[in-house]
Every structure is written in structure tokens, then in C-alpha cells.
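Please take a moment with the sequence and the model that follow, and keep both at hand while reading. The paragraphs after them move from one strand to its neighbours, and then outward to the rest of the chain.

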Amino acid sequence: MTQQDEYFSVQLGLTINVESLAKDESIPNEHDFQSEIPPLFRIASECSNLEDNADRLFASFNKNETQALMDYLAAQNSKINLLLSYVLSQQDDPAHRFTTLTFGASNLSFTSSEPYHIGDNVRVKLFLDYPAAAIYCYAEVIESLASNDKSIVKLRYTRLLEDDRDLLIRAALYSQQKLLRQRAQQRQLNNNDE
């Protein structure tokens with residue numbers, strides 16, 4: 001299995017920024033990449049990891065005895081996530097904004113009227129709704145298919161923190177669960193109508 005096939009992708013429209021690297025610019029090595037990640041992206045990633053750890057801790061509690069506390073903490077978490085989402089949205093550059101067709105933990109695709117060529121290197125920012133986070137990474141164009149006046153561009157991540165890959169996995173799983181739930185509800189409605 002090749003790296004781009006290691007993880008499944010889901011169809012979902014995430015806001016992303018894609019910025020082509022200049023001809024004299026190259027993908028940074030791992031150390032320089034980690035130093036280059038904007039602080040807000042690091043904070044978002046850390047907040048998401050803390051939330052995931054808290055969710056695991058709460059799962060071990062007796063729900064009947066701690067329901068009020070869990071509801072209160074969930075409300076506080078929702079407020080923090082709303083604020084974090086707003087702050088992260090300020091990092092979105094309209095000049096480089098696109099919407100994904102698909103995304104996963106190893107690649108993503110989007111439609112562009114700008115030309116991209118196989119082998120081009122790009123800087124990417126992904127803005128996740130759930131978990132509320134933003135990911136800063138580098139990618140390489142591995143496919144660019146012309147379709148009318150636009151191209152469908154597929155990128156493979158070349159520099160991505162493992163914690164951010166885990167975020168992408170969780171976001172993809174959440175999106176898949178949501179889609180499956182909607183399909184099940186639709187089937188149930190259709191069966192009730194018969």
C-alpha cells in the first residue's frame with residue numbers, strides 16, 4: 001500500500017488555503033518545519049489533544065453520578081471551541097481560499113481555476129470544524145485533471161505533524177459517522193412513509 005492509500009478519504013467541503021511555493025523555495029526539513037508552524041496552529045492542535053484526553057477520562061466516569069458536571073464541562077468546552085473557531089478563521093486568507101472535495105489523513109482534493117502541475121509544492125492550511133482546529137502543512141500536487149474551465153487537484157501531504165494527522169483521522173471519522181447517521185435516518189423516514 002502506498003502512502004497516499006494508507007488512510008481513507010471522505011467527501012466534505014472544508015475551507016483550505018493553498019499557496020504555491022516560489023521556484024526558489026523548498027519544503028523545509030522536519031526541524032525547520034516545526035519551527036515555522038504559526039503559534040495559533042500549535043495552540044489549536046494542543047487544545048484538540050486536551051479535549052480528546054478529557055473525553056477519554058469522562059468516558060470512565062459513572063454517568064449517573066457526574067452528569068451535571070459533565071454537562072457543565074461540555075458547555076464550557078463548546079464555548080471555548082466557538083471562540084477558537086473564530087480566532088482560527090482569522091488565519092484564512094481569501095486570496096488562497098479553496099474548498100475541499102475530499103480530505104483524509106494522507107491527501108486532499110479541491111477544485112481550482114488556477115493551474116497546478118504535478119510535482120508542484122504548496123503550503124496548506126486546513127480549517128476543521130470538528131474537532132475545532134487548524135492544520136498547517138506542506139503538500140505536493142500528485143494529480144491535476146482538467147474539467148471544463150477548472151481543474152480537480154489532488155495533494156499528498158509531505159510535511160505534517162503526527163498529531164495533526166491524528167486530528168485529520170478524527171475529523172474524517174466524525175464526518176463519516178455523521179453521514180452514516182443521516183443515511184440511516186433517511187432510510188428510516190423512507191420506511192415510515194411506505
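Which residue in E5 does Ser 20 stand opposite? In this model, which is predicted, the residue that faces Ser 20 is Val 122 in E5. That pairing belongs to a longer run of contacts between strands, since strand E2, which covers residues 15-20, and E5 are joined by 6 bridges and run antiparallel. Another position along these two strands is given by Thr 15, which stands opposite Phe 127 in E5.

Thr 15 also leads to another strand, for its bridge partner in E3 is Thr 99. E2 and E3 run antiparallel and are joined by 3 bridges, while E2 has 6 bridges to E5. A reader who follows E2 in the model therefore meets both neighbours at Thr 15, with Thr 99 as its bridge partner in E3 and Phe 127 opposite it in E5; as background, the side chains of a regular strand alternate between the two faces of the sheet.E5 itself spans residues 121-128 and is mostly covered, with 7 of its 8 residues buried. Besides E2, E5 pairs with strand E6, which covers residues 133-147, in the antiparallel sense and over 8 bridges. E5 and E6 form a hairpin with 4 residues between them, and within this pairing Phe 127 stands opposite Ala 134 in E6.

Phe 127 is a useful place to turn from the strands to the aromatic rings. The count of aromatic pairs comes to 8. One of these is formed by Phe 41 and Phe 127, a tilted pair whose ring centres are 6.4 Å apart and whose planes lie at 50 degrees to each other. Because Phe 41 lies in helix H2 (residues 39-59) and Phe 127 in strand E5, this pair ties together parts that are 86 residues apart in sequence. Phe 127 has a relative accessibility of 9% and so counts as buried, and Phe 41, at 2% relative accessibility, counts as buried too.

Phe 41 has another ring partner in Tyr 136, and here the arrangement is edge-to-face, with 5.9 Å from centre to centre and 65 degrees between the planes. This pair, too, links distant parts of the chain, with Phe 41 in helix H2 and Tyr 136 in strand E6, 95 residues apart. Both Phe 41 and Tyr 136 are buried. Taken together, ring pairs link Phe 33, Phe 41, Phe 127, Tyr 136 and Tyr 138 into a cluster.

The residue Gln 91 brings several of these parts together. Gln 91 lies in the loop between helix H3 (63-89) and strand E3 (97-104), and with a relative accessibility of 27% it counts as partly exposed. Leaving aside neighbours within four places in sequence, Gln 91 is in contact with Asn 17, Leu 40, Phe 41, Lys 125 and Phe 127, a list that includes the two rings of the tilted pair described above. The C-alpha atoms of Gln 91 and Leu 40 are separated by 8.7 Å, although the two residues are 51 apart along the chain.

A loop residue with another degree of exposure is Ser 106, which is found between E3 and strand E4 (107-112). Ser 106 has a relative accessible area of 2% and is buried, and a polar contact of 3.5 Å joins its side chain to that of Asn 107.

Helices H2 and H3 come into view again at the largest pocket. How large is the volume of the largest pocket? The volume is about 430 Å³, and of the 20 residues that line this pocket, the closest to its centre are Glu 51, Asp 55, Leu 73, Ala 74 and Asn 77. H2 and H3 each supply at least two residues of the lining, and H3 gives the most, with 13 residues.

It remains to place these details within the whole chain. The protein has 4 helices and 7 strands, and from the N terminus on its elements run β-β-α-α-α-β-β-β-β-β-α. Along its principal axes, the C-alpha trace spans about 60 × 50 × 35 Å. Of the 194 residues in the protein, 35% are buried. Among contacts between residues at least 6 apart in sequence, 70% join residues at least 24 apart, and the ring pair of Phe 41 and Tyr 136, which are 95 residues apart, offers one link between distant parts of the chain.

How values were computed: Residues are numbered from 1 along each chain as its sequence is written. This is a predicted model: local features need pLDDT of at least 70, side-chain atom pairs count only at pLDDT 80 or more; totals for chains, interfaces and linings use all residues. Side-chain values use heavy atoms; hydrogens and water are left out. Buried means under 20% relative accessible area, exposed over 50%, partly exposed in between (1.4 Å probe, protein chains only). Contact means heavy atoms within 4.5 Å. Two strands pair if DSSP finds at least two bridges between them. A polar contact is a pair of N or O atoms within 3.5 Å; within protein, one must be able to donate a hydrogen and the other to accept it, and residues adjacent in sequence count only if both atoms are side-chain atoms. Rings of Phe, Tyr and Trp (its six-membered ring) pair if their centres lie within 6.5 Å; planes under 30 degrees apart count as stacked, over 60 as edge-to-face and the rest as tilted. On a 1 Å grid over the protein atoms alone, a cavity is a set of points where a 1.4 Å probe fits but cannot get out, and a pocket is an open set with protein on both sides within 12 Å along at least five of seven lines; lining residues have an atom within 4 Å of a point. Grid points are joined across faces, edges and corners, and a volume is the space filled by probe spheres set on the points.
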